[in-house]
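Q: Please take a close look at a single helix in this model and explain how it sits among its surroundings.

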Amino acid sequence: MTVQDRRKAWRDRYRNGVFLAPMVRVGTLPMRLLSLRYGADLVWTPEIVDLSIAGCERKISTQTGVISYVKNGKDIFTTHPSETDKVVFQLGSARPETALAAAKTVEQDVSGFDLNCGCPKRFSIQGSMGAALLSDPDRLCSILEILVQNVSVPVTCKIRVFDDEERTLELVRRIAKTGISALTVHCRTKDMRPREKALWHRLRKIVDAVPDLPVVLNGDIFEHEDVQRAKDLTGATSVMTARGAAANPSVFRPEGKLDTMETVVEYTKLGVRTCNTYNNTKYTILQMYPDTKSQKYAVVRSSKSYKAMCESLGIGEFYREEGAQLIE
């Protein structure tokens, strides 16, 4: 396969898809696996800073098959072979060399890398990462170029829009020249909050500016019905959902969402089966819980262990038969 053919194949994987967006805390292994089960075409990891992942030790659990990248006794990234060809690793980086070192560390276990150029949080901005890269296109493009030239999987990036439309288009054209396989656009400026309506109307000109590059829309995808509507209105190649999946990961089902409590139970089982950190599993299902004033919610919120959580969800037998040997 020629380089040109390979790049075309890589770009095609980002067309006509519905993807799980990168989400801090929520987008860990159980959420990614459940989203794939329900129909997500690709899943993004939460942003992981390059200096955190570079130099990690790779370990494989003989019980669960989970692959862990460990540093100083802490799991920095966990994955599973069942998602290897679908998982995109999102990097937080401010330097080409450290970005590449991080990518090389996990390259064998992921199907792509995505550079975070949209996070507006203070930690990212102060570290010249995330949305700070939007105002430093030389740095941004140098990171993309070193990744594109040196890794064996597709490279993409995720940006936000500027208030100035022409400035946005200028940046997009420059990014496209780095050789990336797709561009995700969070249709908000870095100062906009999630509660503010996404600027879908800004995407059409971006799509037209880079006709050969798949453009993925992110922002305000809450129902599967939103997918085609967003593509029709914007010309986007694919869409990505964050809050829609966080509330109910069965949003990826074309036939419609399942009852939220059913997805809570399935998520919890995956948390146990992958030995996901208990506090992370608890945090995520509390984001999904449909009735935060109910007694059941209060019981789950007060639970201190997987055993107690499973009992409160009515799957105590599952825990006793399958979970206890993994967790205890």
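A: The model is predicted. Helix H7 covers residues 165-176, and at 1.5 Å a residue its 12 residues should span 16 Å; the C-alpha atoms at its ends are 17 Å apart, so the expected and computed spans agree.

Six names make up the buried part of H7: Thr168, Leu169, Leu171, Val172, Ile175 and Ala176. Around the axis these residues cover an arc of only 165 degrees, which means that they lie on the same side of H7. Several elements help to cover the buried residues of H7, including the helices H1 (3-12), H6 (137-150) and H8 (203-209). Strands E9 (155-160) and E10 (182-186) are also among what covers them.

At the N-terminal end, H7 is capped by Asp164, which places a side-chain oxygen 3.0 Å from the backbone nitrogen of Glu166.

One buried residue of H7, Ile175, deserves a separate word. Leaving aside residues up to four places away in sequence, Ile175 touches Leu140, Cys141, Leu144, Cys157, Ile159, Ile180 and Leu183. Ile175 also belongs to the largest nonpolar core, a set of 97 residues, where Ile175 and Leu183 have the most contacts inside the core. Helix H6 supplies the largest share of this core, with six residues. A second core, separate from that one, has nine residues, among them Tyr14, Leu42, Val88 and Ala182.

Definitions and conventions: Residues are numbered from 1 along each chain as its sequence is written. This is a predicted model: local features need pLDDT of at least 70, side-chain atom pairs count only at pLDDT 80 or more; totals for chains, interfaces and linings use all residues. Side-chain values use heavy atoms; hydrogens and water are left out. Helices (H or I, at least four residues) and strands (E, at least two) are DSSP runs, numbered from the N terminus. The expected span of a helix is 1.5 Å times one less than its number of residues. Buried means under 20% relative accessible area, exposed over 50%, partly exposed in between (1.4 Å probe, protein chains only). The arc is that of the directions from the helix axis to the C-beta atoms. Contact means heavy atoms within 4.5 Å. A polar contact is a pair of N or O atoms within 3.5 Å; within protein, one must be able to donate a hydrogen and the other to accept it, and residues adjacent in sequence count only if both atoms are side-chain atoms. A nonpolar core is a set of buried Ala, Val, Leu, Ile, Met, Phe, Trp, Tyr and Cys residues joined through side-chain atoms within 4.5 Å.
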